[in-house]
Amino acid sequence: MKNYIKHDNWNIIEEGFHVENNRISESLFSLGNGRMGQRGNFEEKYSGDSMQGTYIAGVYYPDKTRVGWWKNGYPEYFAKVLNAPSWIGINVEIEGEELDLNTAEVIDFKRVLNMKDGFLYRTFTARLASGKEVKVEATRFCSIVDDEAGVIKYAITPLNFSGNIKFTPTVDADVVNEDSNYDEKFWTEAAKGNETGFAYVTAEVRKTLFQVTTAMDYAITVAGAEQALNPTLAEAEKFVSQTVEVSAKEGEEVVFTKYAAVVSSLNHDKAALVDAAKAELAKIKAKGFDAMLAEQAEAWASKWELSDIKIEGDVAAQQGIRFNIFQLNQTYTGEDARLNIGPKGFTGEKYGGVTYWDTEAYCVPFYLCTADPKVARNLLVYRHNHLERAIENAGKLGFDNGAALYPMVTINGEECHNEWEITFEEIHRNGSMSYAIYNYIRHTQDYAYLAEYGFDVLLGVARFWAQRVHFSEHKNQYVMHGVTGPNEFDNNVDNNWYTNYIASWSMRYAQEAVDYVKANHADRYAELVAKNNFNEAEETAKWKDIVDNMYYPYDEKRDIFLQADNFLDKEQILVKDLDPKHLPLVHNWSWDRILRSNFIKQADVLQGLYFFEHEFDVPTLKRNYDFYEPRTVHESSLSPCVHSIIAARIGDMERAYEFYLRTSRLDLDNYNEDSQDGCHTTSMAGTWMSVIEGFGGKRVIDEQLSLEPQIPSEWEAYTFKIVWRGATMDIRVDHENVTIKNNTDVAAEMLVYGAKQELAGNGELVIPVKK
Ligand code: BGC
């Protein structure tokens, strides 16, 4: 665990240059605007250890699969949202000496991620070999107002000399991915141009042929006076630069402002890319840095207005939760249904920047409560748009009649994952597609979505389950063999309780969708029946038979659900009895030893009890929690949040808080020792869930908002926000009261501790907190 980030309510602060943590800092200080993002790399040259990362959502390369032993059904490639052309470079030369923090003496250094206004600020004083000292202040952001643009203000002041400073702004498309399977470069040059006022590279992704034009323009002032530009132009393959030189006086600030446009063929015709980049640059340059920053701050204020969580009396917790919310909001804005949320967002290469079940299980609840419903809806539409591919994917595995298997990992709907025990067996993910639709509808009451898009997906998923189970003559019940549950430390099991449960639930919900669409949208229903070749009587009878006769492994003695058949045959050891030197198991044990053990990577039975809590009573939750948690090593970042929520539900606030801490500062304190690879963006939504659903006890019961707030003894108070059917509320919980303030004139109804409450538009409710 690291502890070098200074605690602060609104900022992530590194004081002093922690060279050894540079890769971690690069992850933590990442920026994004939903359309593009980048790691916290330096503008000026840095010859020390660094992982360069610039990413453009949706622009990917299908990197040829690399596996030891090919299995039929494996995908040909793993899609990677690849490291893209970089626009941040501004090399600096002072009287012939290059500024490089790896070789210069760094006298002081500070970087700050200003989460309130959405920018990255870095300042340092450096002494060059010649003894010349400069102070630098660099401010950078990806605009969330002009989401094809970014801007940098790079201010440099000579402290003990007067002399010439050369700036060389670059556009560099000659970039690599560290995780390239075959050490290939993914970009080729399609075009470039270099003239005063406009320099660009249009780079093309091999195979997918996406094109991206990255363009720059800039302005310089010395002591506030605008300088005429007379740059020296330079070019290389996939690279353009311009060098300008100014004469600077000791103590006078030179400001270099770099404007960048990043436009891609995802949104423009290839032939129009250069013009689009030119227009974007002209637009932002006319606005200027200060106006862009003011707009950025205003746009972020609106985001915080809907999504902030305020924690009083615990700065570390406050910083942790805001960092999570900030990362989620800069990763996905919901503007574009072709985009999604990679487990690392725009902060690193790991997981390829592509889509996992994390989105439906963890991220959808966040966006549902903190943004306009269209944001979560677009995440759902993304999967709807991939339905044909999911049907093809199931077809490759031998399923037919419209059965859909959504991929474990995807960018365009095709499966990318290539380990048989996950690709073919970790099929529980399919259920979370249905669950997300259910979640969306019960929050928004947008039932029309069912008829428009939801039905098709629910049908495809139900059809898959109906074919994936088989009837066991021996048990006289339906069973499901050869699966992997969310606990990836146990593969190829029979009857994973969670998978059987969500399969059966998906069929129940599909039936509800059939009934609803048929009753309320008869014409559309007829269309859907014809389009999907849906034999309602036969198929729904089959679903019902499975639902009524599904087998769920259960242990009578302990009165718990069994993670899978034979789970109790494993040697039963608790995590507390393991010598801590064995942890994390994934680094210290052979895979064989892990698979034979009873240790659980992440919530599995408990994932089911979390999703379907309303179908179980609290003693059942508690018995299962008490059995499974002590066997869980939480080696997925998605694990502690679910445990935190269930612990709060069963009244164990101490454990709930302990798990919350583990999830909330996971990256800031590098808890899992892997933040150098990028932040755990999707699990950040889980942290948010721990506060709202865990401590706040937020549920949707019978389509009504329900709150049962509790407060950790460590906090004085906390306030969270909920967007609920047109109303936006602030819910403040302290040790005396729950105060619910309606910030809109839309009235809201809800249950608080089970009692019905009516909240008038702009009204306030004060209810004593239940102890
Ligand atoms: C977890 C999966 C998750 C993936 C991406 C894995 O370690 O076990 O549940 O989908 O990471 O976050």
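Buried, in what follows, means under 20% relative accessible area, exposed means over 50%, and partly exposed is anything in between, with a 1.4 Å probe and protein chains only. The model is a predicted one, so local features need pLDDT of at least 70 and side-chain atom pairs count only at pLDDT 80 or more, while totals for chains, interfaces and linings use all residues. Residues are numbered from 1 along each chain as its sequence is written, and side-chain values use heavy atoms, with hydrogens and water left out.

The domain assignment, which comes from an automatic or database source, cuts the protein into domain 1 (11-67 + 74-168 + 216-227 + 243-261), domain 2 (316-336 + 555-695), domain 3 (372-552) and domain 4 (701-771). Between the C-alpha centres of domain 1 and domain 4 there are 43 Å. UniProt, in an unreviewed entry, lists residues 13-265 as "domain: Glycoside hydrolase family 65 N-terminal"; its positions follow the numbering used here, feature names are shortened, and annotations may be inferred rather than shown by experiment. That span is 3% helix and 53% strand, and its end C-alpha atoms sit 36 Å apart. Helices (H or I, at least four residues) and strands (E, at least two) are DSSP runs, numbered from the N terminus.

A good place to look at strands is β11 (residues 119-127), where 7 of the 9 residues are buried. Strands count as paired if DSSP finds at least two bridges between them. On one side, β10 (residues 105-114) runs antiparallel to β11, with 9 bridges joining the two, and leucine 113 stands opposite leucine 120. The two strands make a hairpin with 4 residues between them, and glycine 118 in the turn has a positive phi of about 80°. Next comes β12 (residues 133-142), also antiparallel to β11 and joined to it by 8 bridges; here alanine 126 has valine 134 as its bridge partner. This second hairpin has 5 residues between its strands, and glycine 131 in the turn shows a positive phi of about 95°.

Now for the annotated site. The same resource, again in an unreviewed entry, puts the feature "active site" at Glu488. Glutamate 488 lies in the loop between β24 (477-479) and α11 (497-520). With a relative accessible area of 15%, glutamate 488 counts as buried. Setting aside neighbours within four places in sequence, glutamate 488 is in contact (heavy atoms within 4.5 Å) with Met408, Ile422, Glu426, Trp591, Leu595 and Lys601.

Charged pairs turn up too. Taking a salt bridge as a side-chain nitrogen of Lys or Arg within 4 Å of a carboxyl oxygen of Asp or Glu, the count comes to 54. One of them joins arginine 39 to glutamate 26, at 3.1 Å from N to O. This pair links distant parts of the chain, 13 residues apart: arginine 39 is in the loop between β4 (36-38) and β5 (54-56), and glutamate 26 is in helix α1 (residues 22-28). Both arginine 39 and glutamate 26 are buried. Aspartate 730 and lysine 721 are likewise buried, and their closest N and O atoms are 2.9 Å apart in a salt bridge.

The bridge between arginine 558 and aspartate 555 has its closest N and O atoms 3.0 Å apart. Arginine 558 has a relative accessible area of 33%, so it is partly exposed, whereas aspartate 555, at 11%, is buried. Finally, Asp146, Glu280, Lys283, Lys287 and Glu295 are tied into a network of salt bridges.
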